[in-house]
Amino acid sequence: MGITVKNTTPDTARVTLVGEMMDGSFDARVMAETDVPYTKYWDNELEQRIVYLHPDPQQLQAIVAALNERRLSLDDLQNFGSSTGGSSELPI
């Protein structure tokens with residue numbers, strides 16, 4: 001089963017900031033592209049990436065759960081967000 005998540009477009013300028021924590025867990029926040037920090041967003045962050053997806057709160061929760069359960073990789077998530085406009089079907 002998959003969920004369809006809208007890709008961002010230049011007129012929406014919303015992104016999902018995804019962070020991998022030092023304990024191997026993930027967290028994510030949807031924010032304006034201009035609000036993404038140049039420094040760490042989470043204190044215990046190992047890595048953070050900008051993903052050009054604009055999920056609703058329920059979709060964001062499902063994405064984070066799939067990352068934490070290793071059903072979705074951060075690389076695959078970023079690839080889904082790289083297409084412009086339209087929607088992406090995430091296999092989660």
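Helices and strands here are DSSP runs, numbered from the N terminus, with at least four residues for a helix and at least two for a strand. Keep that in mind as you click around, and remember that this is a predicted model.

**Stop 1: a loop.** Select Thr34. You'll find this residue in the loop between β3 and β4, the strand that covers 45–51. Is Thr34 buried or exposed? Its relative accessible area is 73%, and anything over 50% counts as exposed, so Thr34 is exposed. Now add Arg14 to your selection. Thr34 and Arg14 sit 20 residues apart along the chain, and their C-alpha atoms are separated by 8.6 Å.

**Stop 2: a helix residue.** Next, pick Ile63, which belongs to helix α1, residues 57–68. With a relative accessible area of 3%, Ile63 is buried, because the cut-off is under 20%. Which residues does Ile63 touch, if those up to four places away in sequence are not counted? Light up Ile3, Val5, Pro55, Leu72, Leu77, Leu90 and Ile92. Take Ile3 from that list and draw a line from C-alpha to C-alpha: Ile63 and Ile3 are 9.2 Å apart in space, yet 60 residues apart in sequence.

**Stop 3: the core around it.** Zoom out a little. The largest nonpolar core has 17 residues, and those touching the most other members are Val18, Ile63, Leu67, Leu72, Leu77, Leu90 and Ile92. Colour β1 (3–6), β3 (26–32), α1 and α2 (74–81), since each of these supplies at least two residues of this core. Which element gives the most to this core? That would be α1, with 5 residues.

Stay here and select Leu67. Leaving aside neighbours within four places in sequence, Leu67 is in contact with Val18, Phe26, Leu72, Ser73, Leu74 and Leu77. Apart from the largest core there is another core, this one of 6 residues, including Val15, Leu17, Met21 and Met31.

**Stop 4: a pair of rings.** Last, look for aromatic pairs: the count comes to 1. Show the side chains of Tyr41 and Trp42. Their ring centres are 4.7 Å apart and their planes meet at 75°, so this pair is edge-to-face. How exposed is each partner? Tyr41, at 37% relative accessibility, counts as partly exposed, whereas Trp42 is buried, with a relative accessible area of 10%.

Technical notes
Residues numbered from 1 in each chain as written. Predicted model: local features only at pLDDT ≥ 70, side-chain atom pairs only at ≥ 80, totals over all residues. Heavy atoms only, no water. Buried < 20%, exposed > 50% of the residue type's maximum accessible area, 1.4 Å probe, protein only. Contact = heavy atoms within 4.5 Å. Core = buried A, V, L, I, M, F, W, Y, C linked by side-chain atoms within 4.5 Å. Phe/Tyr/Trp six-rings, centres within 6.5 Å; stacked < 30°, edge-to-face > 60°.
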